[in-house]
Amino acid sequence: MVDDKPVSIPYKKEPNRYAIGKRYELELARKLYKMGFAVIRAPASGRKAKMIPYPDIVAIKRRNILVISVKYRSTIGTIYISEDEMRKMISFANRSDGTIIVAVKVRGLGDWRVIPLSNTCNIEKVTIAVDMIRNAKGLEDWLREVKLI
């Protein structure tokens with residue numbers, strides 16, 4: 001006899017943007033830690049429910065402070081950093097005498113790419129074009145260039 005009851009298929013919820021962002025922030029934080037950095041990941045750095053501006057990750061090595069915005073994309077494309085996020089990163093970098101970088105991970109493109117930003121750039125929306133991402137140095141190459149590894 002055949003049972004006509006509907007089959008229950010477990011629903012697997014797709015990860016939300018926050019969960020995906022957190023996963024890649026942790027990946028980068030662990031990588032920097034293994035390279036000898038003191039690393040702090042700021043939970044909810046991009047959320048509205050906080051009063052004090054802070055970046056996604058702060059990494060410190062030999063008195064050098066990296067103020068990091070982490071971006072992940074499943075496909076390569078232009079990345080936009082809002083005026084609000086830029087204001088927060090510049091404020092934090094100026095208070096800490098840190099260097100602002102955008103760390104970009106694109107599926108299929110290999111290692112993290114590093115795009116340094118100026119602490120004195122205009123506080124307005126920043127656009128990172130596809131060519132900038134493709135031509136950006138990998139994390140380890142950039143850290144060697146600035147003599148942090």
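**Notebook: contacts, cores and salt bridges**

I began with the contacts in the protein that have a separation of 6 or more, and found that residues 24 or more positions apart account for 61% of them. I note here that the model is a predicted one.

Next I read the elements along the sequence: there are four helices and eight strands, and they follow the pattern α-β-β-β-β-α-β-β-β-α-β-α.

I then looked up the sheet, which is open, has six strands with mixed pairing, and runs in the order β1-β2-β3-β5-β6-β8. Because β1 (38-41) and β8 (137-138) stand at the edges with a single partner strand each, one side of each is left without a neighbour in the sheet. Within the sheet I followed β5 and β6 (residues 113-117), which pair in the antiparallel sense over five bridges, and I noted Val 104 opposite Arg 113 in β6. Helix α2 (residues 83-96) lies across β2, β3, β5 and β6, and I recorded an angle of about 160° to β3.

For the interior, I noted that buried residues make up 38% of the 149 residues. The largest nonpolar core has 20 residues, and Leu 28, Leu 32, Phe 37, Leu 66, Ile 68, Leu 139 and Leu 143 have the most contacts inside it. At least two residues of this core come from each of α1 (17-34), β2 (57-61), β3 (64-73), β5 (99-106) and α4 (139-145). Another core, of 19 residues, lies apart from it and includes Ile 81, Val 104, Leu 117 and Val 126. I also listed the contacts of Phe 37 beyond its neighbours within four places in sequence, among them Leu 32, Ala 59, Leu 66, Leu 143 and Ile 149.

I turned last to the salt bridges, of which the structure holds ten. The side chains of Lys 31 and Asp 111 meet in one of them at 2.9 Å, N to O; since Lys 31 lies in helix α1 and Asp 111 in the loop between β5 and β6, the pair ties together parts that are 80 residues apart in sequence. Lys 31 also forms a salt bridge with Glu 140, with the closest N and O atoms 4.0 Å apart, and this pair links helix α1 with helix α4 across 109 residues. I checked exposure as well: Lys 31 counts as partly exposed at 24% relative accessibility, as do Asp 111 at 28% and Glu 140 at 30%.

In helix α2, Glu 83 and Arg 87 lie four residues apart, about one turn of the helix, and their side chains meet in a salt bridge at 2.9 Å, N to O.

How values were computed: Residues are numbered from 1 along each chain as its sequence is written. This is a predicted model: local features need pLDDT of at least 70, side-chain atom pairs count only at pLDDT 80 or more; totals for chains, interfaces and linings use all residues. Side-chain values use heavy atoms; hydrogens and water are left out. A nonpolar core is a set of buried Ala, Val, Leu, Ile, Met, Phe, Trp, Tyr and Cys residues joined through side-chain atoms within 4.5 Å. Buried means under 20% relative accessible area, exposed over 50%, partly exposed in between (1.4 Å probe, protein chains only). Contact means heavy atoms within 4.5 Å. Two strands pair if DSSP finds at least two bridges between them. Axes are lines fitted to C-alpha atoms, for helices over the stretch in contact, and angles run from 0 to 180 degrees between N-to-C directions.
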